[in-house]
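Dear colleague,

Please find the structure below, together with its sequence. My notes on it follow directly after.

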Amino acid sequence: MSEHLTCDVLVVGLGPGGSTAARFAAEAGARVIAIDKRAEIGTPVQCAEAVSEGILAHLGLSAPKDRWITWKVAHVRLVSPSNIVVNLDDERVSKMKFGYVLDRKVFDKDLATMAADAGAELRLKTRFVSGERLEGGLVRAHARHFGQDVVIDAKVIIAADGVASRVGPYFGVKTVVPLKHMESCVQYEMTNVSLDGAIEFYFGKDVAPGGYVWVFPKGESKANVGIGIIPSLTDRHAKDYLDAFLASDRMKGARVVEINAGGVPVCRPLKETFADNLLLVGDAARVVNPLTGGGIATAIESGKYAGMAAAKAVAEGRTDRAALAAYQDEWQASFGKRLELFYKAQQVLTSMSDAELDDAATALGKCGFESISELELLKAVAKTNMKLLLKFRTFLT
Ligand SMILES: Cc1cc2nc3c(=O)[nH]c(=O)nc-3n(C[C@H](O)[C@H](O)[C@H](O)COP(=O)(O)OP(=O)(O)OC[C@H]3O[C@@H](n4cnc5c(N)ncnc54)[C@H](O)[C@@H]3O)c2cc1C
């Protein structure tokens, strides 16, 4: 038996990008179906769950819901290869803005609920399998739900199916991330961790080649402890490095309660995040901060623009690539330059020796900051270290 459905906008994937796209398309009047292969949105978590306050504006909120937040962050600690510790807290930072460690099991499900409340029809445990173009400017998705075929015809399809996106290639957009640009991440949720409220980052070739180890508090003694590395820089697995960190004095007594792993695209965004009847958002479009691997905020923002662009195209009766191109202009204008800067910074930082990372930490330890942002940190490091300034000068103006 198979089911045949029709809609204006089909969203594949109900992560932060897809749920936001579905919500904004539905709010703008489009008939939306959104599918996800998972039975429960937000589970399992494959994320360290840290975000800045900036995401709220794109969700149309002035404050986060209490149930989303497991920790309010006002203290960042960086630890260099030789253990030079840089504390960024309210003594060093004049206009401290908060960041949050989310509970993504709750947050992601709430974003999906917001999409459903806006009128989107959510179909869970429904896996996109393949797609094709139909006559008359429509696209068709073939999906599976509990062993049954589901066929969904739409005017626009939004690919929000994450880093291993399968939707794009059926409609002419290659989405496979080259291995050298895929950061490999492993994370343990841990209890009995000694914490003082800071989110911590540990750097060094023996600690996390091409990336870092993080300790993000989620309660008085609970934390996400994880690692991201560039696999081409080492023969060892990310888990080997993380387990070595767990064996250090820093993690004495801590115990694992959950394990997750995943990939993060640390590369430039896709050149074109649109095609006839197609928009790509979030990790599927590779709109991720390559310096930190953070992609929740950009998934939400790109999802919002894609949902609005899809609904507008449907309302105006034109869903070809020219009609959808404005979507890319919009995210480019908002955060495109920042992603390019962070891509270049990531290239430089990956090439830095442990001694240079130690120098950078020493430099950071001497300056004050207006706020905590990747850009401010990069500028501070570059200003105080001639070698780094030369490496960074082409793009830190
Ligand atoms: C270990 C780790 C730690 C991270 N830490 C952070 C962090 O601290 N802060 C941050 O900002 N970012 C972090 N990220 C990145 C962040 O998780 C992603 O950038 C973000 O989730 C992207 O959102 P998205 O909506 O694009 O995709 P996703 O959240 O990946 O959602 C994709 C959805 O598509 C569904 N799907 C996939 N294939 C199909 C299919 N064939 N059919 C139907 N549904 C499908 C999936 O089930 C999923 O629900 C981390 C990533 C990893 C791996």
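Which residue just after helix 3 takes a positive phi? It is Gly119, with a phi of about 115°. Helices (H or I, at least four residues) and strands (E, at least two) are DSSP runs, numbered from the N terminus.

Two points on provenance come first. This is a predicted model, in which local features need pLDDT of at least 70 and side-chain atom pairs count only at pLDDT 80 or more, while totals for chains, interfaces and linings use all residues. Residues are numbered from 1 along each chain as its sequence is written.

Helix 3 (residues 104-117) has 14 residues, which at 1.5 Å a residue should span 20 Å (1.5 Å times one less than the number of residues). Its end C-alpha atoms are 19 Å apart, which agrees. Its buried residues (20 or more other C-beta atoms within 10 Å of their own, C-beta atoms being placed from the backbone) are Arg104, Phe107, Asp108, Leu111, Ala112, Met114 and Ala115. These cover an arc of only 150° around the axis, taken from the directions from the axis to the C-beta atoms, and therefore lie on the same side of helix 3. What covers them includes helix 1, strand 3 (32-35), strand 8 (99-102) and strand 9 (121-123).

The ligand is surrounded by 38 residues (C-beta atom within 6 Å of it), and the closest are Gly13, Gly15, Gly262, Gly282 and Gly295. Among the elements that each supply at least two residues of this shell are helix 1 (16-27), strand 18 (255-265) and helix 6 (296-316).

The largest nonpolar core (buried Ala, Val, Leu, Ile, Met, Phe, Trp, Tyr and Cys residues joined through C-beta atoms within 7 Å) has 120 residues, and Ile158 is one of those that touch the most other members. Helix 6 gives the most to this core, with eleven residues. Leaving aside neighbours within four places in sequence, Ile158 is in contact (C-beta atoms within 7 Å) with residues including Val9, Gly18, Leu279 and Ala310.

Some backbone features also deserve your attention. The peptide bond from Thr43 to Pro44 is cis, with omega near -5°, and Pro44 sits in the loop between strand 3 and strand 4. Phe146, in the loop between strand 11 (138-145) and strand 12 (148-154), has a positive phi near 50°. Phe146 counts as exposed (12 or fewer C-beta neighbours within 10 Å) because it has 7.

With kind regards

Notes:
Two residues are in contact if their C-beta atoms, placed from the backbone, lie within 7 Å.
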